[in-house]
Amino acid sequence: MTFCLRCSLGRITRIVACVLLGGVAFATLCQAVDLTPEEKAWLEAHPEWRAVGSTSKPQQWIDKNGEYRGLAADYDYLIAKKLGLRVRAVYAESWPASIDQLKKGEVDLCTLLAPTAERGTYLTFTNTVTELPTAVLVRKQDRTINSNDDLRGKTIAVPRAWIIEDYVRRNMSHAQVRTFDSLEDALLAVSTGQVDAYAGDIASTTFALDEVGIANLRVAFRLPYTLPLAIGVRKDWAPFVPILNKAIAAIAEEEHDAIRQRWMVIHEVGVELMDVLRIAGIIVFVGLIFYVASLRREIRLRVAAQQEVIDTRNAAIVALAALAETHDSDTGAHLQRTQEYVKALAVELRRRGKHKGVLTDEYIELLRTTAPLHDVGKVGIPDSILRKPGKLTKEEFEVMQTHTTLGHRALHRASKTAHGESAFLRLAAEIALTHHERWDGKGYPQRLEGENIPLCGRIMALADVYDALLSKRCYKAAIPHEEVIQIIAAERGRQFDPDIVDAFLAIEADIFHISQSFIDDPEMAAAAKAAATTATEPV
């Protein structure tokens with residue numbers, strides 16, 4: 001994700017001022033709309049319009065408080081204010097459901113809709129309100145796709161029933177098109193390697209990447225196509241179209257810019273150094289005002305609430321992890337053991353001079369606390385797969401792999417609504433997503449390689465595999481400790497980070513002691529006892 005600094009300092013200053021003053025009404029910039037008597041009479045007879053309200057961020061959605069929000073919503077409110085009308089958004093479960101509402105006349109118009117011949121059969125379109133640039137995204141490690149020609153024989157994802165699908169099918173026929181029910185599903189398909197690329201408008205795409213928490217995609221190239229967006233009006237409201245065209249023409253460039261700044265996240269270059277310094281000065285000054293005013297109160301509140309927050313957080317971890325554990329009953333004390341494994345590995349890595357800047361006491365404790373949530377996504381995996389005693393089929397294994405993205409999505413969304421605990425939830429989400437990645441890039445779901453895998457995921461990967469091999473599962477017998485050590489040593493530089501394997505081998509006696517401290521399976525206990533005499537011997 002990149003965030004924009006528009007090249008005009010004046011525009012940024014206006015936005016900062018809007019935030020400080022609680023927002024400046026668009027009406028202060030409004031130009032007058034010159035209407036005929038007939039047009040005024042029509043508006044008097046139609047004082048309200050019903051707008052599409054399906055969730056299609058950042059275009060429009062209805063939030064949990066019932067507020068109509070988004071790029072289209074801002075234009076709706078702006079135009080309605082110019083014309084003296086009211087706007088009421090009508091909820092729909094999906095974009096196809098909103099299309100049905102438009103066809104049935106259950107809503108009156110849809111703002112920021114791309115005109116097509118098919119849509120023209122049930123809507124009349126205004127002049128263009130704004131245009132959105134489009135691009136193709138691929139995984140960061142994929143350097144083979146940098147132009148349209150590079151997509152030959154590749155698969156490209158698009159959201160189903162979006163106008164970009166029509167463009168891709170007409171202009172990129174050399175690629176195989178796969179449609180998905182939502183924008184988020186299409187992006188996840190690219191992120192996890194199910195498809196090679198994604199095509200879409202930059203505004204919706206960058207917003208969705210932030211919402212879902214995907215960080216391994218890059219813009220491969222811009223498409224020579226901007227998405228023209230107009231207002232689609234029900235056919236029997238044809239007199240409203242020329243009125244809307246007048247209102248659209250009266251939108252000042254400053255008003256367009258204010259809306260774009262709010263919802264369109266597009267990287268721009270060419271910002272002067274002095275502009276950056278002046279902007280930074282404004283931000284620092286504003287931040288200091290709020291910081292000084294709230295510091296004393298914040299300290300008092302934090303000291304009083306800290307222990308309660310920690311206790312509540314830890315209780316929530318136990319509850320969530322226990323839920324996953326009941327769904328995967330063979331794991332037993334796996335959660336407690338892996339907690340202690342990751343802490344021991346992190347401490348040894350730091351002692352050996354590795355990642356000393358990251359592995360602070362606070363980080364290590366946070367890593368230990370969040371470790372039980374690594375498999376929380378298994379709650380979403382069917383029991384028929386999770387508890388299958390035999391080997392999984394290819395299709396079943398693909399479903400099993402989704403527990404990483406399911407867990408990450410839930411924890412990431414929780415972090416977006418949190419405040420003081422967001423760092424904790426972000427780390428938990430990162431562990432859930434990356435603990436099945438491999439050092440050699442052959443893991444899942446993102447096929448990250450080497451140090452591109454977050455440190456927390458690399459540590460959790462080894463701890464998780466060690467305990468899984470040592471434990472009896474519904475699909476395998478327990479393996480003795482000394483054999484597990486040999487397996488892990490053989491995977492140094494392949495499945496596991498070499499530094500973490502070296503740390504593991506250096507403290508394998510301590511690791512083995514941890515495994516004995518949380519035994520809840522008779523067969524595992526017997527295996528541990530049999531291995532006790534050799535546990536301290538070097539491998």
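Two residues are in contact when heavy atoms of theirs lie within 4.5 Å, and, among contacts in this protein between residues at least 6 apart in sequence, 72% join residues at least 24 apart. The model shown is a predicted one.

**Figure 1. Overview of the predicted protein, with its 21 helices and eleven strands.** The protein has 539 residues, and buried residues make up 47% of them. Its accessible surface comes to about 26,200 Å², and carbon and sulfur atoms account for 55% of that area. The structure also holds ten aromatic pairs, and some of the aromatic residues appear in the views that follow.

**Figure 2. The stacked rings of Y167 and Y225.** The two ring centres are 4.3 Å apart and the ring planes meet at 10°, so this pair counts as stacked. Y167 belongs to helix α5 (residues 163–171), whereas Y225 belongs to strand β11 (residues 217–234), and the pair thereby links distant parts of the chain, 58 residues apart. Both Y167 and Y225 are buried.

**Figure 3. The edge-to-face pair of F397 and Y444.** Here the rings are 5.8 Å apart from centre to centre, with 85° between their planes. F397 lies in helix α14 (residues 394–401), while Y444 lies in the loop between α16 (422–434) and α17 (455–470), so the pair ties together parts of the chain that are 47 residues apart in sequence. The two partners can also be described by their accessibility: F397, at 39% relative accessibility, counts as partly exposed, whereas Y444, with a relative accessible area of 13%, is buried.

**Figure 4. The loop between α16 and α17, with a cis peptide bond from Y444 to P445.** Most residues other than glycine have a negative phi, and most peptide bonds are trans. The bond that leads from Y444 to P445 is cis, with omega near 10°, and P445 has its place in the loop between α16 and α17. R447, which is found in that loop as well, has a positive phi of about 55° although it is not a glycine. With a relative accessibility of 47%, R447 counts as partly exposed.

**Figure 5. T404 and the residues it touches.** T404 is placed in helix α15 (residues 403–417), and its relative accessible area of 0% makes T404 a buried residue. When residues up to four places away in sequence are not counted, T404 touches A432, L433, H435, H436, Y444 and P445. Among these neighbours, Y444 and P445 are the two residues joined by the cis peptide bond, so the view can be read together with that of the loop.**Figure 6. The packing of helix α11 against helix α19.** Helix α11 (residues 334–351) and helix α19 (residues 498–506) pack with their axes 9 Å apart and at an angle of about 105°; the two helices are therefore roughly perpendicular to each other. On the side of α11, L345, E348 and L349 take part, and they meet D499, I500, A503, F504 and A506 in α19. Sorted by class, this contact has six nonpolar and two charged residues, and no polar ones.

**Figure 7. The enclosed helix α6 and the residue G193.** Seven of the nine residues of helix α6 (residues 183–191) are buried, so this helix is largely enclosed by the rest of the structure. The buried residues of α6 are L183, A186, L187, L188, A189, V190 and S191. Just after α6, G193 takes a positive phi of about 85°.

**Figure 8. T155 in strand β8 and its contacts.** T155 lies in strand β8 (residues 155–159) and, at 14% relative accessibility, counts as buried. Leaving aside residues up to four places away in sequence, T155 touches Q176, Q194, V195, D196 and A197.

**Figure 9. L112 in strand β5, with a positive phi.** L112 has its place in strand β5 (residues 109–113), and its phi is positive, at about 60°, although L112 is not a glycine. The relative accessible area of L112 is 6%, and the residue is buried.

**Figure 10. The aromatic cluster of W42, W49, W237 and F240.** Ring pairs link these four residues, W42, W49, W237 and F240, into a cluster.

Note on methods:
Residues numbered from 1 in each chain as written. Predicted model: local features only at pLDDT ≥ 70, side-chain atom pairs only at ≥ 80, totals over all residues. Heavy atoms only, no water. Helix = DSSP H or I, 4+ residues; strand = E, 2+ residues; numbered from the N terminus. Buried < 20%, exposed > 50% of the residue type's maximum accessible area, 1.4 Å probe, protein only. Areas by Shrake-Rupley, 256 points an atom, 1.4 Å probe, with all protein chains shown as cover. Phe/Tyr/Trp six-rings, centres within 6.5 Å; stacked < 30°, edge-to-face > 60°. Axes fitted to C-alpha atoms, helices over the stretch in contact; angles between N-to-C directions. Parallel < 35°, antiparallel > 145°, perpendicular 65-115°, else oblique. Nonpolar A, V, L, I, M, F, W, Y, C, P; charged D, E, K, R; others polar.
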